[in-house]
There are 4 protein chains.
Amino acid sequence: MVKDIQEQVSVQSEQASLIEAYKKVRHFSEAICEPLVTEDYVIQSMPDVSPTKWHLAHTTWFFETFLLAPNMPDYTSPHPQYAYLFNSYYNSIGQRHCRPKRGLISRPTVEETYAYRKYVDHHVIIMLEEASEQKLAALKPVVTLGLQHEQQHQELMVTDIKHVLSCNPLHPAYIAERPADPGQLPPLEWLRYAEGIYWIGFDGEGFSYDNESPRHREFLHPFELASRLITNGEYQRFIEDGGYQNPLLWLSDGWRTVQEQEWEAPLYWEKQDGRWLMMTLSGLREVKPDEPVCHVSYYEAEAYARWAQARLATEAEWEVASRGVPMRGNFVDYGLYHPAPLITAPPQGQPAQMYGDVWEWTQSAYLPYPGYHPAPGAIGEYNGKFMCNQFVLRGGSCATSEAHIRPTYRNFFPPDARWQFTGIRLAREV
Amino acid sequence: MVKDIQEQVSVQSEQASLIEAYKKVRHFSEAICEPLVTEDYVIQSMPDVSPTKWHLAHTTWFFETFLLAPNMPDYTSPHPQYAYLFNSYYNSIGQRHCRPKRGLISRPTVEETYAYRKYVDHHVIIMLEEASEQKLAALKPVVTLGLQHEQQHQELMVTDIKHVLSCNPLHPAYIAERPADPGQLPPLEWLRYAEGIYWIGFDGEGFSYDNESPRHREFLHPFELASRLITNGEYQRFIEDGGYQNPLLWLSDGWRTVQEQEWEAPLYWEKQDGRWLMMTLSGLREVKPDEPVCHVSYYEAEAYARWAQARLATEAEWEVASRGVPMRGNFVDYGLYHPAPLITAPPQGQPAQMYGDVWEWTQSAYLPYPGYHPAPGAIGEYNGKFMCNQFVLRGGSCATSEAHIRPTYRNFFPPDARWQFTGIRLAREV
Amino acid sequence: MVKDIQEQVSVQSEQASLIEAYKKVRHFSEAICEPLVTEDYVIQSMPDVSPTKWHLAHTTWFFETFLLAPNMPDYTSPHPQYAYLFNSYYNSIGQRHCRPKRGLISRPTVEETYAYRKYVDHHVIIMLEEASEQKLAALKPVVTLGLQHEQQHQELMVTDIKHVLSCNPLHPAYIAERPADPGQLPPLEWLRYAEGIYWIGFDGEGFSYDNESPRHREFLHPFELASRLITNGEYQRFIEDGGYQNPLLWLSDGWRTVQEQEWEAPLYWEKQDGRWLMMTLSGLREVKPDEPVCHVSYYEAEAYARWAQARLATEAEWEVASRGVPMRGNFVDYGLYHPAPLITAPPQGQPAQMYGDVWEWTQSAYLPYPGYHPAPGAIGEYNGKFMCNQFVLRGGSCATSEAHIRPTYRNFFPPDARWQFTGIRLAREV
Amino acid sequence: MVKDIQEQVSVQSEQASLIEAYKKVRHFSEAICEPLVTEDYVIQSMPDVSPTKWHLAHTTWFFETFLLAPNMPDYTSPHPQYAYLFNSYYNSIGQRHCRPKRGLISRPTVEETYAYRKYVDHHVIIMLEEASEQKLAALKPVVTLGLQHEQQHQELMVTDIKHVLSCNPLHPAYIAERPADPGQLPPLEWLRYAEGIYWIGFDGEGFSYDNESPRHREFLHPFELASRLITNGEYQRFIEDGGYQNPLLWLSDGWRTVQEQEWEAPLYWEKQDGRWLMMTLSGLREVKPDEPVCHVSYYEAEAYARWAQARLATEAEWEVASRGVPMRGNFVDYGLYHPAPLITAPPQGQPAQMYGDVWEWTQSAYLPYPGYHPAPGAIGEYNGKFMCNQFVLRGGSCATSEAHIRPTYRNFFPPDARWQFTGIRLAREV
């Protein structure tokens with residue numbers, strides 16, 4: 001686990017565990033690709049999606065640019081143009097290939113991309129193996145950031161592959177579906193939290209993004225949080241009640257989006273002969289009522305909440321409610337690649353499904369915490385510059401690595417984004 | 001003054017003052033139009049702008065729809081299609097004419113529009129004059145809301161007329177320029193405010209919008225606020241320092257907008273022979289360095305603040321700082337129609353220019369206060385449904401009516417909007 | 001009549017008749033505007049449409065630029081910016097105001113525009129009155145071109161006003177409807193024309209456009225032409241037969257346009273309660289079956305012809321068939337402003353409705369005649385540069401001046417244009 | 001050769017030669033792909049381009065749909081969705097996958113696509129081998145059309161691959177460049193042709209498209225045709241003379257395109273350090289002055305002609321001039337994949353480079369010949385429905401199969417198309 005590398009151990013084991021973490025995370029990117037054929041790697045099905053091949057190369061470029069180039073004087077890249085092709089959005093690093101054109105690049109091939117990975121991995125591992133204690137201390141934050149970055153791209157690879165396959169009328173499957181565990185959906189209950197000044201944000205040891213800092217105080221009024229996620233069955237009642245036809249349920253921008261995009265259900269749902277089907281990573285199949293609803297935008301989450309006479313939680317409320325809840329759940333490590341139905345009631349007073357399954361939209365706009373300052377240098381472009389027109393999501397999804405998530409982790413997407421594994425948990429006033 | 005009508009007085013004078021307030025506000029809409037020729041009323045120079053004629057009719061439709069129709073059984077509109085033409089965005093009220101097409105409607109003519117106003121005014125005044133005490137109590141909130149609504153449109157009329165005239169290569173002037181008052185710009189100083197739990201939001205008597213409620217508590221960390229607005233001269237140094245060419249100063253969405261729109265200065269600025277000119281409501285003339293910078297977007301305000309190693313205030317910080325500051329300033333009532341330079345230092349410890357001149361961008365996304373619920377009915381579409389992708393502005397501008405503003409007043413616009421009188425005040429951490 | 005001015009007469013009467021022609025044509029532009037209110041003059045309802053005010057000024061600018069400026073040394077324009085505002089597309093004359101923004105210009109006002117006309121007319125008439133015989137000979141072609149140009153804009157004024165009024169849900173009428181003449185629609189018959197080499201193009205005396213020259217030979221195969229125009233009633237059967245739903249009837253570009261624009265009838269038709277209505281210059285009223293179908297694109301004309309197992313004529317065929325047909329018809333001079341039903345059979349062997357009513361789409365792309373060379377100078381931009389992506393129409397319409405049309409006259413519009421008075425005459429192989 | 005199959009021979013050899021022609025053409029599609037890697041097959045670099053994989057499948061679908069399905073009762077497609085995925089534009093055949101989304105389909109894979117080809121080839125060959133004489137006579141026109149169709153797609157494959165590779169900043173090469181043959185560019189001379197009535201269109205034996213019929217008479221005025229194509233060197237003088245900056249040289253639509261697309265040279269040219277380079281199928285290299293200019297639009301060809309005080313030929317003129325010229329040239333069979341410089345003067349009185357190298361833009365809009373009727377059924381959608389907004393090109397290119405071209409062959413593209421191998425030959429009046 002990446003977290004392990006952050007514990008205080010002897011230098012030797014620190015080095016060993018850093019190398020092990022590196023290998024493990026890097027390997028997982030390739031493991032995700034095992035079910036793919038070469039053609040799948042190339043496609044960019046919409047501007048938000050990147051080709052799998054690009055993800056594999058870009059995460060490699062990250063180590064090349066921020067780790068190898070500054071620290072290994074005689075390092076040379078396999079191709080002088082890779083820096084141009086695989087920069088994502090770091091304006092301070094130089095020109096970059098236009099994002100919506102990532103799907104037009106057939107070369108480097110998939111094979112050459114893997115060779116690029118191997119080449120960079122080889123140099124990184126040598127560098128780490130040969131690093132002095134002092135050097136290692138300097139390199140470790142960059143390695144760790146690169147691994148965190150790669151884990152984020154691993155989640156994007158999963159969601160992007162799903163989108164690419166969904167565009168194909170042949171409905172190809174990425175993996176076989178696993179039979180559902182037996183059990184019964186517990187009823188939705190409301191858990192109460194008291195008013196007060198709470199500390200919000202990261203202050204543990206180990207890695208965190210700059211946007212989780214500084215830890216600061218926030219006053220919360222009393223509130224209630226739903227004990228579990230909203231399910232497909234519950235969301236279907238919203239659809240059947242005319243939710244997508246009633247402008248009074250929607251934010252103004254949301255209603256315009258509903259009409260322009262002709263939304264009438266979550267992404268990947270389609271009606272055939274009066275029955276709702278959904279595209280999953282195991283192909284097209286019926287909508288199962290007890291699974292958490294997924295692939296909804298902020299607009300849909302917010303409209304659903306209004307329809308249900310509730311609201312979404314703020315991110316501070318979510319963070320307060322997460323305290324004491326074990327960080328377990330249906331993560332990508334579990335290999336399901338799909339949200340799972342809740343089949344047992346959570347412990348008394350604790351919310352279920354806080355981690356994994358689906359990212360939970362909060363009603364908090366993505367903004368800087370009081371006293372926030374971006375990290376210096378190119379890495380400072382990582383988070384701060386997106387603090388506008390996006391909403392915070394919490395808790396990770398079935399495409400998130402368990403080692404990547406934290407209670408204070410702030411994910412963010414624009415309110416119309418639907419291709420991530422995003423779902424709904426309700427809150428309300430007391 | 002509208003505020004006067006909200007005081008407790010005898011029924012008779014309550015009625016008289018409500019009628020007087022009605023006449024006064026309604027009259028001011030027409031006074032704004034005095035410098036116009038008929039052709040000016042018709043034009044919609046961009047989708048955000050409405051023709052002056054439309055504003056005059058729409059504010060009238062508001063009284064017809066929400067005041068006359070429900071309360072005067074035999075009332076009939078002068079034209080059955082006006083309800084369709086002059087509804088702005090009230091989905092619950094029925095179909096409406098497509099917003100970007102408001103500039104395609106030559107009829108009703110300007111003269112017919114004034115006749116429509118007269119017709120509705122006549123009926124409103126009769127209704128108010130004949131109302132029983134009980135009836136009056138029921139009507140007063142609707143009248144008041146209609147007047148507040150009209151005051152908002154008065155501000156839009158001013159900004160829209162400015163935009164329409166600015167599209168004309170002849171640079172027509174709306175009013176003659178008034179000679180500047182003598183004085184000297186005081187230096188920018190920093191005022192300190194202590195941490196604590198503060199009450200935020202409206203709780204006085206009289207009118208307020210639903211988005212200012214409920215009054216609630218918020219914890220603030222200590223902060224400093226600039227003693228005055230940023231000036232054209234200061235902003236020009238940002239331009240000269242390459243502010244519009246440096247992506248690291250901008251939010252990601254902001255930088256994309258700068259490039260797509262080819263921004264290189266505030267709206268209405270243009271460079272001629274190496275000299276900055278600006279279009280004003282008194283025509284095209286040079287940029288004056290001591291005037292508050294105006295017609296900047298949130299993106300520009302935020303980038304300027306980063307360049308100046310500061311930030312924008314939150315709306316709660318602004319509200320706390322506004323306490324004890326007299327609600328005076330360069331409002332539309334003063335007739336300048338342009339922000340004025342500060343020429344005397346403010347009283348010790350008090351920020352200057354908090355009211356009037358320019359709306360001040362805050363770093364707060366426009367979101368519901370804790371416990372917020374929209375008002376029931378069509379009037380509930382007024383504020384709540386816009387709580388997404390916008391930022392809060394505070395303090396009013398040189399196009400705002402003095403009677404319209406409050407310390408708790410929350411204006412809101414998308415971060416790329418520039419045609420309002422919007423400017424910059426800095427804040428920073430302690 | 002303009003044509004009169006082209007006859008050989010004594011110098012004195014030549015001068016007098018040129019001045020008379022000038023006054024007559026210039027006056028008619030203003031006569032067209034009599035039913036308008038000021039607001040109507042300002043609106044540009046789509047990029048193809050120009051505000052009436054602009055037409056009035058642009059035709060005046062034409063005389064100012066091509067007649068007064070080069071020939072009257074001390075002439076000065078009333079405003080230095082008019083040349084920029086009222087140039088349409090003459091790249092050689094200098095910069096010009098962006099076409100789609102013509103509707104954003106409230107000043108000069110309508111009144112100022114009329115003053116501009118008066119000012120230019122005053123100077124033109126003085127110049128003509130004082131011109132020597134030799135000078136007059138030099139000026140006459142420019143005056144004549146300017147008048148022809150103005151007549152074209154008069155037709156555009158009529159069609160543009162119709163479009164502007166049609167955008168208004170109030171359906172305002174431009175003129176009262178005139179009661180229909182009694183009579184009975186004669187059946188459609190086929191007139192036969194022999195194969196041979198024909199002379200095509202202009203070679204008479206008097207004015208013609210450069211695109212009608214040079215007169216040249218063309219070989220035609222034998223063909224048949226319909227004796228009259230297609231009517232609304234006939235076109236309605238095409239609609240009812242699913243014409244707008246059957247891709248096999250359409251050109252590929254046409255079918256895409258049908259789907260993108262959601263066409264299901266000619267422009268200005270709308271179905272209310274199962275009945276077809278149409279917007280006319282006399283307001284909204286039912287579709288009359290015997291009137292020529294109007295406001296159809298080339299795509300629709302061509303698809304209708306295919307459905308009717310016929311085709312459109314080539315422009316050479318049309319020109320051959322027009323020989324010997326008197327140049328009479330329902331022109332704008334008649335004051336109907338709408339195509340009229342045919343109520344008497346044409347003389348044996350002659351096609352009816354060849355002139356006036358509606359422009360007849362031909363299947364000829366608008367291309368240069370063999371040996372064509374554009375006129376030198378700015379006037380050469382008049383026709384030649386549009387010889388691409390347009391189709392030729394023949395015969396004039398109910399919005400064309402009788403004095404403006406000729407058998408060899410080539411009008412041209414892109415195949416998707418519908419706001420002109422355009423209709424259908426069929427042809428077929430023998 | 002495909003043409004061989006059209007000769008009168010005994011049934012047996014007819015059958016054998018049809019099968020041989022089938023195998024030869026089908027094989028060539030795959031030969032074109034030999035230099036590609038799997039990733040290259042997938043990409044659609046603009047809406048006009050189709051992925052190579054799609055071309056391979058679509059040409060196969062054509063045989064499946066028009067040959068196998070109607071004539072082999074128990075034939076089943078390998079996948080029920082292929083008919084949907086690989087229909088191009090045959091509305092009469094059913095729904096089809098949206099053209100601009102062809103690049104989103106990773107499956108069927110390249111391997112599966114080849115299997116699909118093999119499967120269909122197997123069935124076609126069995127069918128042809130087992131066909132009776134009578135059956136063969138019925139099948140032959142469909143087979144022939146399918147092969148002609150595939151040859152057209154072979155040309156598109158070459159041009160589309162070039163476009164795909166050109167989008168890659170790595171500038172990958174498709175084949176190695178062949179050394180140029182020695183020789184000297186002969187001067188451009190003018191060949192004269194007499195006026196008269198000429199027969200135009202196809203009337204030989206063997207295959208032709210319906211748009212080449214019926215053979216018909218056309219009157220031509222005397223004209224002159226250039227003895228060879230315009231070269232890069234000549235075109236460069238047009239560029240250096242400000243050709244792309246002078247609106248008076250351009251058609252109106254052309255000038256708008258120049259400005260919107262920011263054209264300043266032919267497609268694939270780029271200036272580096274003051275030197276013109278061009279992307280070729282052998283990678284990026286310098287522009288060679290004696291090669292025929294290529295990848296110009298109709299707009300550019302027409303503007304160049306105007307600048308050179310000449311014009312383009314009409315398609316009838318080209319056809320008349322082609323008589324007696326041997327149908328030899330630099331076709332795709334020659335393997336150069338690039339236009340070649342002329343190195344020897346043509347025989348006296350004959351134009352050189354009439355076939356192969358580059359398609360020659362004519363000034364003829366693509367329209368039906370007199371008496372034209374589309375072929376019945378889906379195959380009738382092949383040509384007729386595109387007779388609008390396109391211009392005719394003649395003579396074939398370095399990407400055309402020698403067996404595919406004829407003197408009467410009419411190719412057509414919209415006037416802004418540049419990714420085909422298109423060039424310029426001048427004509428002029430006598």
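Domain bounds come from an automatic or database domain assignment. The structure treated here is a predicted model.

**Exercise 1.** Determine how chain A is divided and what distance separates the centres of its two domains.

*Solution.* Step 1: take the bounds. Domain 1 of chain A covers 2-166, and domain 2 of chain A covers 190-429. Step 2: place a centre in each domain from its C-alpha atoms; these centres lie 27 Å apart. Step 3: collect the residues in contact, with heavy atoms within 4.5 Å as the cut-off. Domain 1 of chain A contributes 32 residues to the contact and domain 2 of chain A contributes 30 residues.

**Exercise 2.** Characterise the interface of domain 1 and domain 2 of chain A by buried area, salt bridges and polar contacts.

*Solution.* Step 1: the two domains of chain A bury about 2800 Å² between them, and carbon and sulfur atoms account for 63% of that area. Step 2: the count of salt bridges between these domains is zero. Step 3: 11 residue pairs, both members at pLDDT 80 or more, are in polar contact across the interface.

**Exercise 3.** Identify which helices of chain A supply the side of domain 1 that touches domain 2, and classify its residues.

*Solution.* Step 1: at least two residues each come from helix H1 (11-32), helix H2 (52-71) and helix H5 (133-166) of chain A. Step 2: H5(A) gives the most, with 17 residues. Step 3: this side of domain 1 of chain A comprises 15 nonpolar, 12 polar and five charged residues.

**Exercise 4.** State what distance separates the closest C-alpha atoms of chains A and C, and of chains B and D.

*Solution.* Step 1: chain A and chain C have no contact, and their closest C-alpha atoms are 15 Å apart. Step 2: chain B and chain D likewise have no contact, with their closest C-alpha atoms 15 Å apart.

Notes. Residues are numbered from 1 along each chain as its sequence is written. Chains are lettered from A and ligands numbered from 1 in the order in which they are written. This is a predicted model: local features need pLDDT of at least 70, side-chain atom pairs count only at pLDDT 80 or more; totals for chains, interfaces and linings use all residues. Side-chain values use heavy atoms; hydrogens and water are left out. Buried area is the accessible area (1.4 Å probe) that two parts lose on being put together, summed over both. A salt bridge is a side-chain nitrogen of Lys or Arg within 4 Å of a carboxyl oxygen of Asp or Glu. A polar contact is a pair of N or O atoms within 3.5 Å; within protein, one must be able to donate a hydrogen and the other to accept it, and residues adjacent in sequence count only if both atoms are side-chain atoms. Helices (H or I, at least four residues) and strands (E, at least two) are DSSP runs, numbered from the N terminus. Ala, Val, Leu, Ile, Met, Phe, Trp, Tyr, Cys and Pro count as nonpolar, Asp, Glu, Lys and Arg as charged, and the others, Gly among them, as polar.
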